[in-house]
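Grab a coffee and open the 3D viewer, because we're going for a walk around a protein model. Have a look at the sequence and the fold before reading on.

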Amino acid sequence: MQFENVKQLLKPLIKKGQEWQFIDINGNDKKPKYYFSDVQWVIIFTCIGSQFQLTIGLSGDVVGYIMSAFSISVSLFMSLLVSIFDKFENTDLSLRNTTDEDEIRLIHKKNFFKRFISITSYLVILSIFIIILCSLTYFFNTNNEISYHYFTVQWNEIDVLTTVRNILILLYRCTLYYFLLTYLFLTLFVAGSAYEYYISEIDRRKIK
């Protein structure tokens, strides 16, 4: 197995996982105006603002819990992908003897499976990436307290190495927090999408 082969497999997966976050069940693409969605911008500013409160970062115990939780989530989402694809395989998408309403239902059903599988697969990759980010805590000292009371704008008082180290730590923390919150949001998004689709299918079936 070569890196290039893995890259060719992961690139479309990540691309589709991001694209289907903005495609509704009718197949309409609603791309955000400023690259990130409103929720993503809120997450970004939340991660930046959190640096003024969480000056020490996450403790080693918390990082360990996160790694354990995401390790479990990888296996759970992989099992979910297998079951949902099996459900898709058993779904009849034939247009024979169907009305226009039935055709719309089939389009909704196919788009739901594509969105659900794309975002869930993206969540698996995101989980693995978060585990890798968390593991860096055990290789580098990222729990140094970064107090903004000691910052200075006097050039002759600036320690370049300390400044660079602190900037890298802040970037690391913001990145980790961003992907943690993004994972939480996408999990809620997938759950909400599944609920919306399942309820609409249940409502279409009348009691006779």
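What follows is a short tour, from the whole chain down to a few single residues.

## The big picture

Keep in mind that this is a predicted model. The protein has 5 helices and 0 strands, so reading from the N terminus, the order of elements is simply α-α-α-α-α. Of its 208 residues, 34% are buried. The accessible surface adds up to about 14,500 Å², and carbon and sulfur atoms account for 64% of that.

How do the contacts spread along the chain? Take the contacts between residues at least 6 apart in sequence: 86% of them join residues at least 24 apart.

## The nonpolar core

Now look inside. The largest nonpolar core contains 36 residues. Four helices each bring at least two residues to this core: H2 (38–50), H3 (60–89), H4 (100–135) and H5 (160–204). Which of them gives the largest share? That would be H4, with 12 residues.

Some core residues have the most contacts inside it, namely Phe-70, Leu-123, Leu-126, Ile-130, Cys-134, Leu-176 and Tyr-183. Let's pick Cys-134 out of that group. Leaving out residues up to four places away in sequence, Cys-134 touches Val-63, Ile-66, Met-67, Tyr-172 and Leu-176. If you click on those residues in the viewer, you can see who surrounds this cysteine.

## How the helices pair up

Two packed helices are described by the angle between their axes and the distance between the axes. Here are three pairs side by side.

| Helix pair | Axis distance | Angle | Crossing |
|---|---|---|---|
| H3 and H4 | 9 Å | about 160° | left-handed |
| H4 and H5 | within 10 Å | roughly 155° | left-handed |
| H3 and H5 | within 14 Å | roughly 30° | left-handed |

What do those angles tell us about direction? Start with H3 and H4, whose axes are 9 Å apart at an angle of about 160°. Angles over 145 degrees count as roughly antiparallel, so H3 is roughly antiparallel to H4. The H4 and H5 axes cross at roughly 155°, and that makes H4 roughly antiparallel to H5 as well. For H3 and H5, the crossing angle is roughly 30°. Angles under 35 degrees count as roughly parallel, and H3 and H5 are therefore roughly parallel to each other.

You can also find the residues where H3 and H5 meet. On the H3 side they are Ile-66, Phe-70, Ser-73, Phe-77 and Ile-84, and on the H5 side they are Leu-180, Tyr-183, Thr-187 and Tyr-198. Phe-70 and Tyr-183 may ring a bell, as both were in the core list above.

## Four residues up close

Let's zoom in on a few single residues, starting with a loop. Gln-21 is in the loop between helix H1 (3–19) and H2. Is Gln-21 buried or exposed? Its relative accessible area is 14%, and the cut-off for buried is under 20%, so Gln-21 counts as buried. Apart from neighbours within four places in sequence, Gln-21 is in contact with Gln-40, Ile-119, Tyr-122, Leu-186 and Phe-189.

Next come two residues of H3. Val-82 is in this helix, and its relative accessibility is 59%. Since exposed means over 50%, Val-82 counts as exposed. The C-alpha atom of Val-82 is 9.5 Å from that of Ile-117, although the two residues are 35 apart along the chain.

Ala-69 is found in H3 too. With a relative accessible area of 43%, Ala-69 is partly exposed. Ala-69 and Ser-127 are 58 residues apart in sequence, and their C-alpha atoms are 9.3 Å apart in space.

Finally, visit Arg-105, which has its place in H4. Its relative accessibility is 23%, and that makes Arg-105 partly exposed. Leaving out residues up to four places away in sequence, Arg-105 touches Glu-201 and Arg-204. From Arg-105 to Ser-200 the C-alpha distance is 10.0 Å, with their positions 95 residues apart along the chain counted as the separation.

## Before you close the viewer

Try finding the 36-residue core once more, and then trace H4, the helix that supplies 12 of those residues.

Conventions:
Residues are numbered from 1 along each chain as its sequence is written. This is a predicted model: local features need pLDDT of at least 70, side-chain atom pairs count only at pLDDT 80 or more; totals for chains, interfaces and linings use all residues. Side-chain values use heavy atoms; hydrogens and water are left out. A nonpolar core is a set of buried Ala, Val, Leu, Ile, Met, Phe, Trp, Tyr and Cys residues joined through side-chain atoms within 4.5 Å. Buried means under 20% relative accessible area, exposed over 50%, partly exposed in between (1.4 Å probe, protein chains only). Contact means heavy atoms within 4.5 Å. Accessible areas come from the Shrake-Rupley method with a 1.4 Å probe; for residues, only the protein chains shown count as cover. Axes are lines fitted to C-alpha atoms, for helices over the stretch in contact, and angles run from 0 to 180 degrees between N-to-C directions. Angles under 35 degrees count as roughly parallel, over 145 as roughly antiparallel, 65 to 115 as roughly perpendicular and the rest as oblique. A crossing is left-handed if the near helix is turned anticlockwise from the far one by less than a right angle, and right-handed if clockwise.
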